[in-house]
Amino acid sequence: MLLLPVLVLAAHVLAKRERPVNASFGGFTFPAGTIEQLATEFTGHLNIPNGCLINPEDLPDGSPSQNLAALWLRAAFHDVGKYDPKNPAQRVSGLLPNYLDQVENAGIAQSIATRFAPVVKFNFSRADYIALGAQVSITHCGGPSFDFMMYREDAPHNTPFASLPHALPDDAVDSYDQMKQKLYRLGFSNQEIVLLVTGSHSLGGAHKATSPHATNKTFEAFDSSPGVFDNVIFKEMRAGRCVLNIDCGIMRDGAMKTWIELYASDEAAFFRDYALAFNKMANLGQDEKSLEAVVLEVPVHKNLVVEGSLPATAASSSGILLLLFLFSFSLLLFILFHSYACLLVYANFAASTNTNTKSGAIQFRLNCALGILSVITPFMLL
């Protein structure tokens, strides 16, 4: 007799989880459908020219960031970043849309994922909605393709911000060690910190409006391909380039060097490990046994590398000019030194031989001149 009520309850739960809801908000309409169809809708917002780098169609002109893909990825971390593993009963997922006016979330409010999620649940949780936006960005912009974990549960939507005591890492205020300890608190290893912090910075850059401590530019890319999810940031960090304090700290941290070296030389390893680390982050505070894996078919952005990579910067051009100057200066010093040596030897030659042996002196000077010309002629022809 108990079996029938259990079956009815199970059917009700499944119907509730699968029932689609057609919804519109802020000019965007998401038709009823499955999580795969919602992923397709997210992809559509990025699948425009330069969609993985600058996205003027879906972000207002006054937005601190014009990089929608990077915003979605940042939103996913900020949605779970205040979780406390020591208090697992206090779920935080799905609360980000309530706290977009907080300083630590500056710039995220323009994200479609967070603008839409506060009032429209579709048939999914806010947590799923925000995580999906990030995962679509990763794959569409050239990163790894991996299963989406769905059916995350949201925290109660009336949870007060003040009740979440743990702050996110603050690049402007915290020291590197403080930021690292906050990431350790979430249960991340050194490898996962490198992946989720520096690896995620493969997309986007710093903005004067939200990160004046890091740059005085409207936009300063984290690496030379800010619209491509790739391992270029690790290669450039290995060469000494960083923008944010946390990335600079990771770059100088001996405990992190092994991972920077690995991912700089092996993009496949970076993609494989990033997918695992991303799911760990997005599932913080969730009962993973209740999650279900869904295969997503997210296409890669067309003309991705050309659109997502920056042209040679003025800094790069200045560096080349400096190298040319140093080379030219070194060449001039060589010529002067060689000429001086020839004159000294010739003076000794002239003093130790008969003044009538002019043919020998002429031959000696000719040999010196030919020696100098043999060095500089190839460079004169470049």
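# Helix α11 and its surroundings

Ser200 sits in the loop between α7 (190–199) and β4 (205–206). The model in which it is placed is a predicted one. With a relative accessibility of 12%, Ser200 counts as buried, because the limit for that class is under 20%. Leaving aside residues up to four places away in sequence, Ser200 touches Leu73, Leu195 and Tyr274. One of these contacts, Tyr274, is among the buried residues of α11, and that helix is a useful thread through the rest of the chain.

Some totals for the chain come before the details. The chain holds 14 helices and 6 strands. It has 382 residues, of which 46% count as buried. Of the contacts with a separation of 6 or more, 69% are between residues 24 or more positions apart. The exposed area of the chain is about 19500 Å², and carbon and sulfur atoms supply 63% of that area.

Helix α11 covers residues 267–282. What span should its 16 residues have at 1.5 Å a residue, and what does the model give? The expected span is 22 Å, and the end C-alpha atoms are 22 Å apart, so the two values agree. At the N-terminal end, α11 is capped by Asp266, which has a side-chain oxygen 3.2 Å from the backbone nitrogen of Ala268.

Which residues of α11 are buried? They are Ala269, Phe270, Phe271, Asp273, Tyr274, Ala275, Ala277, Phe278, Asn279, Met281 and Ala282. An α-helix has 3.6 residues a turn, so residues three or four places apart point the same way. The cover over the buried residues of α11 includes α3, α5, β3, α7, α8 and α10 (254–265).

Several of the aromatic residues of α11 take part in ring pairs. In the whole model the count of aromatic pairs comes to 14. One of them joins Phe229 and Phe271: their ring centres are 6.0 Å apart and their planes stand at 45°, so the pair is tilted. Phe229 belongs to the loop between β5 (220–221) and α8 (232–238), while Phe271 belongs to helix α11, so this pair ties together parts that are 42 residues apart in sequence. Phe229 is buried at a relative accessible area of 1%. Phe271 is buried too, with a relative accessibility of 16%.

Phe234 and Phe270 make an edge-to-face pair, with 5.0 Å from centre to centre and 75° between the planes. Why does this pair tie together parts 36 residues apart in sequence? Phe234 lies in helix α8 and Phe270 in helix α11, so the pair connects these two parts. Phe234 is buried, with a relative accessible area of 0%, and Phe270 is also buried at 0% relative accessibility.

These rings belong to a cluster. Ring pairs link Phe146, Phe229, Phe234, Trp259, Tyr263, Phe270, Phe271, Tyr274 and Phe278. Tyr274 thus appears both in the cluster and among the contacts of Ser200.

Charged side chains supply another set of links, and the model has 9 salt bridges. Arg91 and Glu153 form one of them, with their closest N and O atoms 3.7 Å apart. Arg91 is in the loop between α3 (68–80) and α4 (112–116), and Glu153 is in the loop between β3 (148–150) and α6 (176–185), which puts the partners 62 residues apart. Arg91 counts as partly exposed at 22% relative accessibility, and Glu153 counts as partly exposed at 45%.

Another salt bridge brings together the side chains of Arg152 and Asp128, at 2.9 Å from N to O. Here Arg152 lies in the loop between β3 and α6 and Asp128 in helix α5 (residues 126–140), a separation of 24 residues. Are the partners Arg152 and Asp128 buried or exposed? Both are buried.

A further salt bridge joins Glu236 and Arg241, whose closest N and O atoms are 4.0 Å apart. Glu236 counts as buried at 18% relative accessibility, whereas Arg241 is partly exposed, with a relative accessible area of 31%.

Notes
Residues are numbered from 1 along each chain as its sequence is written. This is a predicted model: local features need pLDDT of at least 70, side-chain atom pairs count only at pLDDT 80 or more; totals for chains, interfaces and linings use all residues. Side-chain values use heavy atoms; hydrogens and water are left out. Rings of Phe, Tyr and Trp (its six-membered ring) pair if their centres lie within 6.5 Å; planes under 30 degrees apart count as stacked, over 60 as edge-to-face and the rest as tilted. Helices (H or I, at least four residues) and strands (E, at least two) are DSSP runs, numbered from the N terminus. Buried means under 20% relative accessible area, exposed over 50%, partly exposed in between (1.4 Å probe, protein chains only). Contact means heavy atoms within 4.5 Å. Accessible areas come from the Shrake-Rupley method with a 1.4 Å probe; for residues, only the protein chains shown count as cover. The expected span of a helix is 1.5 Å times one less than its number of residues. A polar contact is a pair of N or O atoms within 3.5 Å; within protein, one must be able to donate a hydrogen and the other to accept it, and residues adjacent in sequence count only if both atoms are side-chain atoms.
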